[in-house]
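Trainee: Could you walk me through this model, from the overall fold down to individual side chains?
Mentor: Happy to. Let's put it in front of us first.

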Amino acid sequence: IKAMNKSVTGRFHSMLLRFVTAVVSSVAVMSCSAPPSVEKFVRDRDRDCFGRYVFDVDMRDSLCTYSIDIYSAFTCRDEVFSGFSSLPVILMWESPDKTVYEESVLLTGGRVSSFSHFGKNVSAAYRRGLRPVKNGIWKLYMTVPADSVSKYGITGTGLKITRE
């Protein structure tokens with residue numbers, strides 16, 4: 001009977017160890033998955049030597065399409081901001097294989113959130129359902145005209161990248 005109890009106890013401990021290992025493995029796999037959206041913000045003072053806001057955009061998942069919103073932080077008085085209607089930007093995308101794509105975009109119709117008389121955030125949809133021609137880490141160089149940066153006191157720009 002003692003030998004039988006040891007055998008049953010040993011099998012129970014073995015099954016328990018396998019169960020705990022399976023649970024821990026499942027939790028580890030779930031915790032490693034990428035979040036559905038990521039936000040990146042580059043301050044005005046952190047632009048590159050050409051005055052561009054530079055972002056690394058992770059589009060490695062070939063099973064996803066992506067949505068991208070662009071937002072900017074403004075520090076100007078309400079009277080100055082009342083003249084704001086759109087923000088012209090030049091976007092230069094560099095693919096993982098170093099192919100360059102460039103476009104000029106006029107960001108309009110964005111959402112404005114005001115957190116003080118001097119501080120505002122403007123967010124606009126840039127792309128929906130984007131499927132890159134090449135999956136991987138893309139580099140985005142965003143140029144905002146210097147006169148807009150100084151007139152509206154732009155302190156930085158950001159991206160919100162959502163996996164769909």
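**From fold to side chains**

Trainee: What share of the 164 residues of the protein counts as buried?
Mentor: Keep in mind that this is a predicted model. A residue counts as buried when its relative accessible area is under 20%. Among the 164 residues of the protein, the share that meets this is 31%.

Trainee: In what pattern do the helices and strands follow one another along the sequence?
Mentor: Start with the inventory: the protein has three helices and nine strands. Reading along the sequence then gives the pattern α-β-β-β-α-β-β-β-β-β-α-β.

Trainee: Of the contacts between residues at least 6 apart in sequence, what percentage joins residues at least 24 apart?
Mentor: A contact here needs heavy atoms within 4.5 Å. Take the contacts in the protein between residues at least 6 apart in sequence; the part joining residues at least 24 apart is 76%.

Trainee: Which residues touch the most other members of the largest nonpolar core?
Mentor: That core has 31 residues. At least two of its residues come from each of β2, β3, β4, β5, β7, β8, α3 and β9. The members that touch the most others are V57, L91, W93, M142 and L159.

Trainee: Let's zoom in on V57. Leaving aside neighbours within four places in sequence, which residues is V57 in contact with?
Mentor: V57 is one of the core residues that touch the most other members. Two more of that group, W93 and L159, turn up among its contacts. Leaving aside neighbours within four places in sequence, the full list for V57 is K40, W93, G136, I137, W138, L140, L159 and I161.

Trainee: Now for charges. How far apart are the closest N and O atoms of K139 and D56?
Mentor: The protein has 10 salt bridges in total, and K139 with D56 is one of them. This pair links distant parts of the chain, with K139 in strand β8 and D56 in strand β2, 83 residues apart. In the model, their closest N and O atoms are separated by 2.8 Å.

Trainee: Why does K139 count as partly exposed?
Mentor: Partly exposed covers the range between under 20%, which is buried, and over 50%, which is exposed. Its partner D56 is also partly exposed, at 36%. K139 falls in that class because its relative accessibility is 27%.

Trainee: Is R60 buried or exposed?
Mentor: R60 shares a salt bridge with D58, at 2.7 Å from N to O. D58 is partly exposed at 32% relative accessibility. The cut-off for exposed is over 50%, and R60 stands at 54%, so R60 counts as exposed.

Trainee: Which strands hold R127 and E103?
Mentor: The side chains of R127 and E103 meet in a salt bridge of 2.8 Å, N to O. The two residues are 24 apart in the chain, and the strands are β7 for R127 and β5 for E103.

Trainee: One last residue. With which side chain does E94 make a polar contact of 3.3 Å?
Mentor: E94 lies in strand β4 and counts as buried, because its relative accessibility is 16%. Leaving aside neighbours within four places in sequence, E94 is in contact with T99, V100, W138, K139 and Y141. The polar contact of 3.3 Å joins the side chain of E94 to that of Y141.

Note on methods: Residues are numbered from 1 along each chain as its sequence is written. This is a predicted model: local features need pLDDT of at least 70, side-chain atom pairs count only at pLDDT 80 or more; totals for chains, interfaces and linings use all residues. Side-chain values use heavy atoms; hydrogens and water are left out. A nonpolar core is a set of buried Ala, Val, Leu, Ile, Met, Phe, Trp, Tyr and Cys residues joined through side-chain atoms within 4.5 Å. Buried means under 20% relative accessible area, exposed over 50%, partly exposed in between (1.4 Å probe, protein chains only). Helices (H or I, at least four residues) and strands (E, at least two) are DSSP runs, numbered from the N terminus. A salt bridge is a side-chain nitrogen of Lys or Arg within 4 Å of a carboxyl oxygen of Asp or Glu. A polar contact is a pair of N or O atoms within 3.5 Å; within protein, one must be able to donate a hydrogen and the other to accept it, and residues adjacent in sequence count only if both atoms are side-chain atoms.
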